[in-house]
Amino acid sequence: MMFNLDEILKATGAELIKNSSGKDNYIISTDTRTIKQGELYLPLKGASFDGEKFLQNAVEAGACGCFITGDDCPENAQLVLRVSDTLEAYLKLANYARRAHNPKVVAITGSSGKTTTKELVYSVVSKKFKSHKTFSNHNNEIGFCQTVLSMPDDCEVLIIEMGMRGAGEIELLSRYAQPDYAIITNAGSAHIGRLGSLDNIAKAKAEIALHLKEDGTFISQNNERIKNFVKFGGEKIFYSLEDTKILERRPSYAKFIYQDREYELNVDGDYNVENSLAAINLGYKLGMTYEEIKCGLAAYRPIEKRWEVIDVNGYKIINDSYNANPESMKASVSTFVQLYENPVVILGNMGELGDYENELHYGVGEYLSKISPKNVRYLTVGHLAKQISLPLEKEGFFVKNFENNTEVSKFVLANINAGNTIFLKASRNMKFEEIIEQIKGEVKI
């Protein structure tokens, strides 16, 4: 979105220090590496970076001017604006754009499944409305601003994914997003190391409804903790997998009935069926027809590293390694071992579990030992994932633990026959894409 100077001053409350640009409208840029001629540089700051150190670089790269928080600014900058906090200014600009365009805003959060649910929602609502969504999982304050400011002028539905690492973060995003609809996919143990308890996690997720419009709708998994903490007096819709009847399960396909209507998904997993219920309910609230919603769900395809099915040197590999927490690992692995023959499961460490990390990893192993067929072979990578191995070993499953990705790749190539299907699940920092690259032979091992 382009802003004129009056809009920038009104939105941010900035102090005008200098203006000789003569321009009528400005595009905001926060990155000196991609800034274009005539854009206005807004330097962001973080724990390990300070954009104000690159004011001169921005102007030399073509910026007409910049925001500052202190007194120093490039002499050749044509426009200089002073604010007390550049991230706050960015959020205020995003909120101004949100109110100026006035699309229906859908905010989505959850311990797991929020990115998939965002993609399902987009797949559905884009069948009827001009829609715009958070790119990938850029779900923090900066990603929120980038999403809002990149929406087209004719956007009718804006879909915002909201992530969090601690209390108060979702409230901040909700305050500037002012959602018409808020969705919580679930409230599990992800980030328990930071928040300390499941109640605190649910309370933090429920912040999404604090700035939900009074005539809006809150849509959530039927979760007692969420119900206890959500503060919203308007319409609430709760959904559950128990509300569905699964008609068919097979690899990359599910058929189910929800509220007496039949739907199809070209992805497997009961948890994906449950995620789709949020999109169905939202579609009806937006006035969509059954056929539009059904068609939108059928058009959904998983995004990279989320149940991504690829063929590698004779192996079929299902890469679900974008991220992991105990709930998502249990759900995805149970789906895999029930649907695929000769299954090989490679699991890695899960992050941000704090003092509970050993207990929660062990709990995943206990769960899998009870629901897995005995022909499943489990390979684990990392010292925490070794805890997953222990209860599986006790129950007689084939299990091996490895220190790193290279070791497990070597084992697969030497001991797992082509034709087997391999499932990958771990937190992002385990870099399980290395396993695929090594099995492909793209990386020498």
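This passage walks through one sheet, the helices beside it and the cysteines of a predicted model.

The sheet first. Six strands line up in the order β8-β9-β7-β10-β11-β12, paired in parallel, and the sheet is open. At its edges sit β8 (131–133) and β12 (235–239), each with pairing on one side only. Going from one strand to the next, the twist averages 15°. In general terms, strands of a sheet are held in pairs by backbone hydrogen bonds, and the pairing can be parallel or antiparallel.

Zooming in on one edge, β8 pairs with β9 (residues 157–161) in the parallel sense, over three bridges. Here Lys133 stands opposite Ile159 of β9. Helix α4 (residues 114–125) packs on the sheet, where it touches β7 (104–109), β8, β9 and β10 (181–184). The direction of α4 makes about 170° with that of β9. Helix α5 (residues 141–149), for its part, lies across β8 and β9 and runs at about 165° to β9.

Now for the cysteines. A search of the whole structure turns up zero disulfides. Take Cys64: its closest cysteine sulfur belongs to Cys66 and is 9.0 Å away, so the two are too far apart for a bond. Cys64 is also buried, with a relative accessible area of 4%. Cys145 is likewise in no disulfide, the nearest cysteine sulfur being that of Cys155, 16 Å away. With a relative accessibility of 0%, Cys145 counts as buried.

Notes: Residues numbered from 1 in each chain as written. Predicted model: local features only at pLDDT ≥ 70, side-chain atom pairs only at ≥ 80, totals over all residues. Heavy atoms only, no water. Pairing = 2+ DSSP bridges. Helix = DSSP H or I, 4+ residues; strand = E, 2+ residues; numbered from the N terminus. Axes fitted to C-alpha atoms, helices over the stretch in contact; angles between N-to-C directions. Contact = heavy atoms within 4.5 Å. Disulfide = S-S within 2.5 Å. Buried < 20%, exposed > 50% of the residue type's maximum accessible area, 1.4 Å probe, protein only.
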